[in-house]
Amino acid sequence: MEKLLANQVALITGASSGIGYGVAKALANAGAAVALNYHSHAESAERLASEIENAGGSAFAVQADVADPDQVANMFDASRARFGGIDIVIANAGLQKDSAFAEMTLDDWNLVLSTNLTGQFLTCQAAVKEFRRRGQTPASKALGKIICISSVHELIPWSGHVNYAASKGGIRMLMQSLAQEVAPECIRVNSIAPGAIRTPINKDAWDTQEALDKLLQLIPYGRVGDVDDIGKAAVWLASDESDYVVGTTLFVDGGMTLYPGFAGNG
Ligand code: BGC
């Protein structure tokens, strides 16, 4: 059977670790050629590219700070030069700089907003232009697909993380407004909102038994997620299997958004 993403090219931002790394691997396993963007961890992105190539896939690593428009343009140019066109863009790069609100520095506010929100704006804008330039191909029913990696915190308020939650709340409206604007061209824009996924970004929340027990109280399904859980969702959302899914946030969170504190309470 032909693989779900055969003959398609995907660009994944922030692919050198965590969710981006897992999503890139999953898309490659589903047959896509992948452009692996990284900001500072070249070794890890290069290693993943070699692993994919050794397994018979196509991949290369490309450096860019997604908050910089020129670097985003160069990243798209390099991906086009390598693969000839892009079908799927995963706007994933993001970071946390946590602190209590009164102590949050303007630098930490700006860094998180510029990477997480402006970065997705620039990535999505370049994606839309690329899909229009390239035009329809037989590889997919859509002209192009964008998946914004959001968070349960596009919905759940998060004290001590105001910059991060604001960036993810912004992604929700960015995604929905953009989806509405480009759906008539058959460009599908959706989000995945991961809950607690075991990655370096939230290591403190799961790497001791005490922290893990506390975290599990927030997850009705009773386990911390894996990057694979997000990878599988991304493959589906990027494929024609989800062709009628437009402007939706797919929560992949073990039920974290179900207000678990209300179970037997309230
Ligand atoms: C954050 C993680 C956190 C999870 C659930 C994610 O978006 O990056 O640090 O564990 O949301 O709260």
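A polar contact here is a pair of N or O atoms within 3.5 Å, and that cut-off is the one to keep in mind for His 153, where a side-chain N or O atom sits 2.7 Å from an oxygen atom of the ligand. Everything in these views comes from a predicted model.

**View 1. Three side chains reach oxygen atoms of the ligand: those of Gln 96, His 153 and Asn 202.**
Start with Gln 96: an N or O atom of its side chain is 2.6 Å from a ligand oxygen. His 153 comes in at 2.7 Å, again from the side chain to an oxygen atom of the ligand. For Asn 202, the gap between a polar side-chain atom and a ligand oxygen is 3.3 Å. On its own the ligand would expose 310 Å², and the protein buries 89% of that.

**View 2. The shell around the ligand holds nonpolar and polar residues but no charged ones.**
Zoom out a little and you'll find Gln 96, Ser 151, His 153, Trp 158 and Tyr 164 among the residues surrounding the ligand. Gly 195, Ala 196, Ile 201, Asn 202 and Met 256 are also part of that surround. Sorted by class, the shell splits into 5 nonpolar and 5 polar residues.

**View 3. Ser 150 sits in the loop between strand 5 and helix 5.**
Strand 5 covers 144-149 and helix 5 covers 162-182, with the Ser 150 loop in between. Is Ser 150 buried or exposed? Its relative accessible area is 3%, and buried means under 20%, so Ser 150 counts as buried. Setting aside neighbours within four places in sequence, Ser 150 touches Lys 168 and Ile 171. Its other contacts of that kind are Ser 191, Ile 192, Ala 193 and Pro 194.

**View 4. Stepping back, the protein has 7 helices and 7 strands.**
Read from the N terminus, the elements go β-α-β-α-β-α-β-α-β-α-β-α-α-β. The C-alpha trace spans about 55 × 40 × 40 Å along its principal axes. A compact globule of 266 residues would have a radius of gyration near 18 Å, and the protein's 18 Å agrees with that.

**View 5. Half-and-half on burial: 50% of the 266 residues count as buried.**
Among contacts with a separation of 6 or more, 71% join residues 24 or more positions apart. As for the outside, the accessible surface comes to about 12,600 Å², and carbon and sulfur atoms make up 54% of it.

Key. Residues are numbered from 1 along each chain as its sequence is written. This is a predicted model: local features need pLDDT of at least 70, side-chain atom pairs count only at pLDDT 80 or more; totals for chains, interfaces and linings use all residues. Side-chain values use heavy atoms; hydrogens and water are left out. A residue is near a molecule or strand if one of its heavy atoms lies within 4 Å of it. A polar contact is a pair of N or O atoms within 3.5 Å; within protein, one must be able to donate a hydrogen and the other to accept it, and residues adjacent in sequence count only if both atoms are side-chain atoms. Accessible areas come from the Shrake-Rupley method with a 1.4 Å probe; for residues, only the protein chains shown count as cover. Ala, Val, Leu, Ile, Met, Phe, Trp, Tyr, Cys and Pro count as nonpolar, Asp, Glu, Lys and Arg as charged, and the others, Gly among them, as polar. Helices (H or I, at least four residues) and strands (E, at least two) are DSSP runs, numbered from the N terminus. Buried means under 20% relative accessible area, exposed over 50%, partly exposed in between (1.4 Å probe, protein chains only). Contact means heavy atoms within 4.5 Å. The radius of gyration is taken over C-alpha atoms; the globule rule is 2.2 Å times the number of residues to the power 0.38.
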